[in-house]
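Visitor: Please teach me to read a ligand site, and then a helix crossing. Put the model up and start wherever you like.

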Amino acid sequence: MSTVPVRLNVNGVKHTLEVEPRLLLVHALRDKLALTGTHVGCDTSNCGACTVHLNGEAVKSCTMLAVQADGEEVTTIEGLGTEDDLHPVQEAFWNNHGLQCGYCTPGMIMAGAALLAENPDPSETEVRHALEGNLCRCTGYHNIVKSILDAAGRSSSEVSA
Amino acid sequence: MIPAEFHYTAPESLEDAIQALVDGGEDAKLLAGGHSLIPLMKLRLAAPSLLVDLRKVPGLHGIERQDGAFRVGALTPHRKLEFSPELGIVAKVAAVIADPQVRHRGTIGGSLAHGDSASDLPAAMLITEAEVTLQGPDGQRSVTAADLFLDYMTTAVGEQEVLTEIRLPALDGWGSSYHKFNRRSEDWAMVAACAVVKANGSTCEDVRIGLTNMAAVPLRATAAEDALRGQELSPENIAKAAELAAEGTDPPSDLNASTEYKKHLARVMARRAIADSLAA
Ligand SMILES: Cc1cc2nc3c(=O)[nH]c(=O)nc-3n(C[C@H](O)[C@H](O)[C@H](O)COP(=O)(O)OP(=O)(O)OC[C@H]3O[C@@H](n4cnc5c(N)ncnc54)[C@H](O)[C@@H]3O)c2cc1C
Ligand code: FES
Ligand code: FES
């Protein structure tokens with residue numbers, strides 16, 4: 001089957017890939033660009049483990065073709081912060097024990113960061129709604145919500161169980 | 001899960017997109033947000049030979065008010081509808097489609113052309129009495145929402161037609177509300193009801209009620225509408241009218257709910273939607 005060129009700006013780096021049109025964005029990121037921080041959980045658009053930012057908006061990269069991102073900007077968990085300079089949401093997940101096994105975490109952080117970019121001072125309810133597309137099998141969500149509120153500068157005592 | 005092989009094109013004009021559909025034959029498919037089509041392709045329930053991506057076609061985005069109606073481009077994502085409160089019921093419905101990620105990608109045109117019986121926007125199109133514009137090789141035509149949905153995943157959109165825009169009458173002065181029943185917030189509706197109410201003082205001047213997932217196509221709860229129109233908008237009258245919401249329906253039972261339970265849900269969702277329309 002023929003391939004098509006795809007120009008992707010991923011985490012500020014421009015790439016031109018020759019891909020089959022059926023290649024999913026998540027596989028382009030993981031298998032072609034070795035950015036394995038973006039996870040595949042359900043592979044059916046439900047769990048949000050594959051969440052990345054497309055032009056700043058949270059999307060599920062298992063439900064997009066790489067060709068649909070041609071010419072666009074993609075940010076993955078690797079591009080959100082650096083080890084020395086974590087993104088506030090990353091820092092807050094660390095401080096608030098926002099993860100257990102960590103499988104859902106890149107997606108949770110990308111969804112949380114997208115929320116704060118749009119709404120820097122969300123209520124707990126708004127945080128919970130923003131995470132409707134992200135499933136966690138471990139934490140019960142409590143510390144995830146707490147982490148995102150902490151990153152927004154809200155005291156965690158405002159968070160109810 | 002990886003889709004079967006296909007060819008891909010992203011034409012830069014509407015004419016080229018339609019031509020690509022014509023040249024591609026019956027296995028060619030349009031691609032909008034891909035949030036219905038790509039999951040089907042991954043499951044190999046759909047295997048188009050050619051995808052014609054609409055992403056570069058100009059003029060299919062955005063929301064514009066023209067006199068008494070809004071013109072909504074087919075590629076407008078749910079997320080944009082959600083944050084356009086001037087759209088009334090349509091904004092409220094869009095806000096509870098799936099989750100933020102899905103709403104960023106999924107489009108109104110894709111949702112209406114696809115015609116999933118559990119999808120949220122179709123019933124809202126019925127009660128706003130919206131119309132869609134379809135452009136094909138033989139020109140342009142308009143189809144009302146009442147004529148658009150034909151059967152499960154079957155709409156009046158022809159295989160070589162592009163749904164280009166939706167004309168939504170602005171229901172200025174009407175209150176509206178949407179009640180969707182599902183177990184988890186990102187789920188599809190088990191049953192949902194949307195209502196728009198025009199009150200004159202405490203009297204119901206007009207009311208329209210739409211039902212989601214009560215049949216293969218969205219429905220109007222006309223018996224309930226007729227019972228409330230012209231009446232005092234009291235809780236008793238609203239409850240009485242809502243009791244008729246499932247009248248004449250025979251929703252198939254599915255994994256989530258039996259026929260009887262769906263009818264019960266329709267009555268409850270309709271009552272809540274009418275009552276909340278008065279507040280908003
Ligand atoms: C996890 C998940 C949960 C979801 N939950 C809900 C929900 O709760 N409620 C809900 O309503 N929806 C839900 N959806 C569906 C979502 O709203 C879809 O985005 C929408 O139904 C289809 O829009 P699309 O732009 O993605 O269309 P696509 O998937 O690109 O296309 C769908 C179909 O329509 C055709 N088509 C697309 N655009 C046009 C056009 N302009 N003219 C003619 N034909 C066209 C395509 O050829 C295809 O056959 C969900 C989807 C996912 C993945
Ligand atoms: S892997 Fe994409 S939503 Fe689960
Ligand atoms: S921390 Fe294990 S899935 Fe969320």
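**Reading the ligand site**

Guide: Start with a backbone atom: an N or O of B:S36 sits 2.9 Å from an oxygen atom of ligand 1. That's a polar contact, a pair of N or O atoms within 3.5 Å. This is a predicted model, so local features need pLDDT of at least 70 and side-chain atom pairs 80 or more, while totals for chains, interfaces and linings use all residues; side-chain values use heavy atoms, without hydrogens or water. Residues count from 1 along each chain as its sequence is written, with chains lettered from A and ligands numbered from 1 in written order.

Visitor: Which side chain has an N or O atom 2.8 Å from an oxygen atom of ligand 1?

Guide: That's B:H78. B:H35 also joins in, with a backbone N or O atom 2.7 Å from a ligand 1 oxygen.

Visitor: How much of ligand 1 does the protein bury?

Guide: Accessible area comes from the Shrake-Rupley method with a 1.4 Å probe. On its own ligand 1 exposes 970 Å², and the protein buries 95% of that.

Visitor: Which residues surround ligand 1 most closely?

Guide: Count those with a heavy atom within 4 Å. There are 31, the closest being B:L30, B:G34, B:H35, B:T107 and B:D120. Chains A and B both contribute, so the site is shared between chains.

Visitor: Which element gives the largest share of the shell?

Guide: α6(B), with four residues; helices here are DSSP runs (H or I) of at least four residues, numbered from the N terminus. By type, the shell splits into 14 nonpolar, twelve polar (Gly included) and five charged (Asp, Glu, Lys or Arg) residues.

Visitor: Now the crossing: at what angle do α3 and α4 of chain A pack?

Guide: Axes are lines fitted to C-alpha atoms over the stretch in contact, with angles from 0 to 180 degrees between N-to-C directions. α3(A) (residues 88-95) and α4(A) (residues 105-118) pack at about 125 degrees, axes 9 Å apart.

Visitor: What do we call that arrangement of α3(A) and α4(A)?

Guide: Under 35 degrees is roughly parallel, over 145 roughly antiparallel, 65 to 115 roughly perpendicular and the rest oblique. α3(A) and α4(A) are therefore oblique to each other.

Methods: Polar contact = N/O pair within 3.5 Å; in protein donor to acceptor, adjacent residues only side chain to side chain. Helix = DSSP H or I, 4+ residues; strand = E, 2+ residues; numbered from the N terminus.
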